[in-house]
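Visitor: Got a minute to walk me through this one? I'd like to talk about empty space and helix packing.

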Amino acid sequence: MNTRRSLAASLIAVIMVLAAGCASGGGSTALTSVLSKPEQPDITVAAIPAVDLAGLYIAQDRGLFARQGLHVTLEPIPSSQSVIADQLKGKVDISAGSYVAYLAAQAAGARFRVLAEASTLAPGTRALVVTGNSPITTIAELAGRKIGVNGVNSIGTLLISELLSANGVAPGKVRFVTAQDGFPAMPRQLQDGAWDAAFLAEPYITAAGEQYGEEVLADLDQGAAFSLPIDGYVATAAWARQHPKTVAAFTRAIQEGQQIANKNASAVQAIMAYNDNLAPEVTAAMALPGYPVGPVVVASIQRVARAMYQSGILGGDYATEAEQQALVASMAGPAG
C-alpha cells in the first residue's frame with residue numbers, strides 16, 4: 001500500500017512540474033525535448049572539405065547540433081565513394097558528399113537514405129583546371145590526357161563526361177585518375193605534373209589560381225549539368241530506421257545551417273576560412289553553390305540518376321530505375 005501511495009505521489013509530482021512549466025511557457029519545450037531526445041547523441045559525420053557542405057560546418061560551429069542534443073564529430077574524407085564501405089559496416093553514422101556514389105551503391109544493392117540536400121551546382125563552383133602554362137586550351141585537346149578527380153565514378157567524372165560529350169569527345173578518350181588525398185592536395189599535384197587537368201571544387205578552384213596561377217579550362221555548370229544537385233547528407237536505411245529521433249535532430253540542425261548559408265555569404269566565407277585555413281583573398285573570391293532548404297526533392301536528384309545512366313556510370317540493367325525515378329525514390333528522405 002505504501003508503495004502504491006509513493007508511486008501515486010511521484011506521478012502527481014511529475015504532473016505538477018510539467019503543469020508549472022507549461023504555465024511559465026517552458027513546459028512545452030521541456031516535454032518536447034524529452035520526447036525527441038536523440039537515441040544516439042554522439043554521432044560521426046564523414047564529409048568532403050568543400051564549400052558545398054558549408055551548412056554542416058556552420059551547424060557545428062554555431063552549436064546548432066548541440067541545441068538538438070547532438071555531439072557531432074566531423075571526419076574529413078576525399079570523396080563520398082571513399083567512405084561507403086565503412087558506412088555500410090557501421091563505422092560512420094552519416095556521410096556527406098556527391099549523390100553519384102550513393103546512387104551507384106543503391107543500384108548495386110546497398111540501402112541508403114538521403115536525409116537532406118546539401119548543395120546544387122552554381123557558376124564557378126566545379127571546374128576543370130589546368131596549369132597556367134598548359135598547352136591545353138580547348139576541350140577537344142583533352143583527348144588522350146589524364147584528368148585528376150577526387151573519386152572515379154564520382155560527380156567529377158559525371159560532370160566531365162557531360163562536358164566532353166557536349167564537345168564531341170568520347171569520355172573513354174580520357175583517363176580519370178583518383179587523387180587519394182582529395183581536393184586540398186590536388187592544386188599542388190596538378191602543378192607538379194601528376195595529371196594534365198584536374199577536377200576541383202570551391203574553395204580549391206580559387207586557391208589553385210591564387211597559389212599556383214592555375215586557370216579554369218571549363219566551368220562545369222553548363223549544358224545538361226546546369227544547376228545539377230551535387231551533394232547530400234546520407235545514412236544507411238538501417239541506421240535511419242533505428243535512430244529516427246537522431247535523424248530528426250540532425251536534419252533540424254542542418255536545415256538551420258542551410259538557411260544561414262543561403263542568406264549570409266560572409267558566414268560561409270568565415271567557416272571555410274576556419275575549417276580549411278584559407279587566406280582572406282581566397283574566401284572573398286570563391287564562388288558559392290546553392291544550399292537547398294526543405295524536404296528532399298526526388299525530381300531534383302533524379303536528374304543525377306538520369307545523367308549517370310546516360311553517361312554509362314549506371315549500366316543498362318538500371319535503365320528502368322534510372323528513367324522512372326524508382327532508384328531515387330527508394331532513398332529520398334529520412335523515412336522508409
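Guide: Sure. One term before we start: Ala, Val, Leu, Ile, Met, Phe, Trp, Tyr, Cys and Pro count as nonpolar, Asp, Glu, Lys and Arg as charged, and the others, Gly among them, as polar. Also, keep in mind that this is a predicted model.

Visitor: OK. How many cavities of 30 Å³ or more does a search of the whole structure find?

Guide: The search turns up 2 of them. The largest cavity holds about 70 Å³ of space, and the second largest about 40 Å³.

Visitor: Which residues lie nearest the centre of the largest cavity?

Guide: Those are Ser79, Ser80, Ser98, Asn150 and Ser154, out of 14 lining residues. By class, the lining of the largest cavity splits into 8 polar, 4 nonpolar and 2 charged residues.

Visitor: And what lines the second largest cavity?

Guide: That lining is made of Tyr99, Tyr102, Leu103, Val114, Ile301, Val328 and Met331. In class terms, the second largest cavity has 7 nonpolar lining residues, with no polar and no charged ones.

Visitor: Which helix gives the most to that second lining?

Guide: Helix α6, residues 99-107, with 3 residues.

Visitor: Let's stay with α6, then. How do the axes of α6 and α14 cross?

Guide: They come within 10 Å and cross at roughly 70°, so α6 and α14 are roughly perpendicular to each other. The crossing is right-handed. On the α6 side the contact uses Tyr99, Val100, Leu103 and Ala104, and on the α14 side Ile301, Val304, Ala305 and Met308.

Visitor: What classes do you get in that contact of α6 with α14?

Guide: It has 8 nonpolar residues, no polar and no charged. Tyr99, Leu103 and Ile301 are among the residues of this contact, and the lining of the second largest cavity also includes Tyr99, Leu103 and Ile301.

Visitor: Nice link. At what angle do α7 and α14 pack?

Guide: Helix α7 (residues 155-166) packs against helix α14 (residues 298-311) at about 65°, and their axes are 10 Å apart. The crossing of α7 and α14 is left-handed. Leu158, Ser161 and Glu162 of α7 make the contact with Val304, Ala307, Met308 and Ser311 of α14. That contact has 4 nonpolar, 2 polar and 1 charged residues.

Visitor: I've seen Val304 and Met308 already, haven't I?

Guide: You have: Val304 and Met308 are in the contact of α14 with α6, and Val304 and Met308 also take part in the contact with α7.

Visitor: Switching topic: what's the angle between α3 and α11?

Guide: Helix α3 (residues 54-61) and helix α11 (residues 244-263) cross at roughly 110°, with axes that come within 7 Å. That angle makes α3 roughly perpendicular to α11. From α3, Gly55, Leu56, Ile58 and Ala59 meet Phe250, Ala253, Ile254, Gly257, Gln258, Ile260 and Ala261 in α11. This contact of α3 with α11 divides into 8 nonpolar, 3 polar and no charged residues.

Visitor: Last thing, pockets. How much space lies in the largest pocket?

Guide: About 170 Å³. The largest pocket has 13 lining residues, and Pro184, Tyr204, Gln211, Asp276 and Leu278 lie nearest its centre. The elements that give two or more residues to that lining are α8 (186-191) and α9 (204-212), and α9 has the largest share, 4 residues.

Visitor: What's the class split there?

Guide: The lining of the largest pocket has 9 nonpolar, 2 polar and 2 charged residues.

Conventions: Residues are numbered from 1 along each chain as its sequence is written. This is a predicted model: local features need pLDDT of at least 70, side-chain atom pairs count only at pLDDT 80 or more; totals for chains, interfaces and linings use all residues. Side-chain values use heavy atoms; hydrogens and water are left out. Axes are lines fitted to C-alpha atoms, for helices over the stretch in contact, and angles run from 0 to 180 degrees between N-to-C directions. A crossing is left-handed if the near helix is turned anticlockwise from the far one by less than a right angle, and right-handed if clockwise. Contact means heavy atoms within 4.5 Å. On a 1 Å grid over the protein atoms alone, a cavity is a set of points where a 1.4 Å probe fits but cannot get out, and a pocket is an open set with protein on both sides within 12 Å along at least five of seven lines; lining residues have an atom within 4 Å of a point. Grid points are joined across faces, edges and corners, and a volume is the space filled by probe spheres set on the points. Angles under 35 degrees count as roughly parallel, over 145 as roughly antiparallel, 65 to 115 as roughly perpendicular and the rest as oblique.
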